Amino acid sequence: MQTTVGIPQGLLYYRYFPMWRAFFETLGARCVVSSPTTKATVRRGTELGENELCLPVKVFFGHVAALDGRVDYLFVPRVVSVEKRELTCPKLLGLPDMTKALHLETPVLAPTIDIRRGKRDFLAQSWRLGREIGGSSARIPLAVKAGLDAHRAWESDFLAGKPL
């Protein structure tokens with residue numbers, strides 16, 4: 001049976017989905033994406049999220065809830081840094097922990113993405129992630145390459161103003 005990885009359609013999804021989809025699919029997993037945001041998504045996320053959380057995080061929780069129980073894993077990376085000298089919003093750093101605190105039935109895949117740590121750390125995180133979903137040692141390097149190629153293509157199209 002094929003492993004399914006749920007990817008919530010919120011926050012950094014729009015920038016990095018092509019990369020993660022290529023990564024997981026190259027490993028033989030099937031990506032399941034939550035539906036576009038609706039009033040019901042917002043309502044469910046607001047019910048799950050604490051009052052002090054920002055609306056984008058609450059909406060993200062609504063997407064997580066829509067995937068819970070429908071997939072083998074939920075993909076919620078801890079995104080510390082995507083640029084060498086910058087940090088992301090503190091809520092993105094805590095997103096995996098906040099998601100796990102929702103006490104969902106689906107396990108959360110939560111690699112740490114911190115570009116400041118360099119390529120070696122990114123590769124190590126990708127390797128652990130690939131092994132966690134049962135990817136073979138031979139396929140993981142191919143999956144990393146496929147993911148990075150997909151991201152470069154997305155960036156190129158984005159910068160060229162092409163519709164995404």
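**Exercise 1: The lining of the largest pocket**

Find which helices each supply at least two residues of the lining of the largest pocket in this predicted model.

*Solution.* Start with the helices. Helix 1 (13-26), helix 4 (90-100), helix 5 (119-132) and helix 6 (140-159) each bring at least two residues to the lining. Next, look for the main contributor: helix 1 gives the most, with 6 residues.

Now turn to the space itself. The largest pocket holds about 670 Å³. It is lined by 31 residues, and the closest to its centre are Tyr-16, Met-19, Ile-113, Ile-115 and Phe-122. Finally, sort the lining by character: 22 residues are nonpolar, 3 are polar and 6 are charged.

**Exercise 2: Reading the sheet**

Work out which strands stand at the edges of the open sheet, and why one side of each is left without a neighbour.

*Solution.* First, write down the order. The open sheet has 4 strands in the order 2-1-3-5, with parallel pairing. Then go to the two ends of that order: strand 2 (30-33) and strand 5 (108-109) are the edge strands. Each has a single partner strand, so one side has no neighbour in the sheet.

Now take a pair from the order. Strand 1 (residues 4-7) and strand 3 (residues 73-75) run parallel and are joined over 2 bridges. To find one partnership in the structure, pick Val-5, whose bridge partner in strand 3 is Tyr-73.

Last, add a helix to your picture. Helix 1 lies across strand 1, strand 2, strand 3 and strand 5, and makes an angle of about 155 degrees with strand 2.

**Exercise 3: Two helix pairs**

Describe how helix 3 packs with helix 4, and how helix 5 crosses helix 6.

*Solution.* Two packed helices are described by the angle between their axes and the distance between those axes.

Begin with helix 3 (residues 55-67) and helix 4: the angle is about 35 degrees and the axes are 12 Å apart. Their crossing is right-handed. On the helix 3 side, Val-57, Phe-60, Phe-61 and Val-64 meet Lys-91, Leu-95, Met-98 and Thr-99 of helix 4. This contact divides into 6 nonpolar residues, 1 polar and 1 charged.

Repeat the steps for helix 5 and helix 6. Their axes come within 10 Å and cross at roughly 120 degrees. This crossing, too, is right-handed. From helix 5, Phe-122, Leu-123, Ser-126, Trp-127, Gly-130 and Arg-131 meet Ile-140, Pro-141, Val-144 and Leu-148 of helix 6. Here the residues split into 7 nonpolar, 2 polar and 1 charged.

Technical notes: Residues numbered from 1 in each chain as written. Predicted model: local features only at pLDDT ≥ 70, side-chain atom pairs only at ≥ 80, totals over all residues. Heavy atoms only, no water. 1 Å grid on protein atoms, 1.4 Å probe; cavity = no way out; pocket = protein on both sides within 12 Å on 5 of 7 lines; lining within 4 Å. Points joined across faces, edges and corners; volume = space filled by probe spheres on them. Nonpolar A, V, L, I, M, F, W, Y, C, P; charged D, E, K, R; others polar. Axes fitted to C-alpha atoms, helices over the stretch in contact; angles between N-to-C directions. Left-handed = near helix turned anticlockwise from the far one by under 90°. Contact = heavy atoms within 4.5 Å. Pairing = 2+ DSSP bridges.
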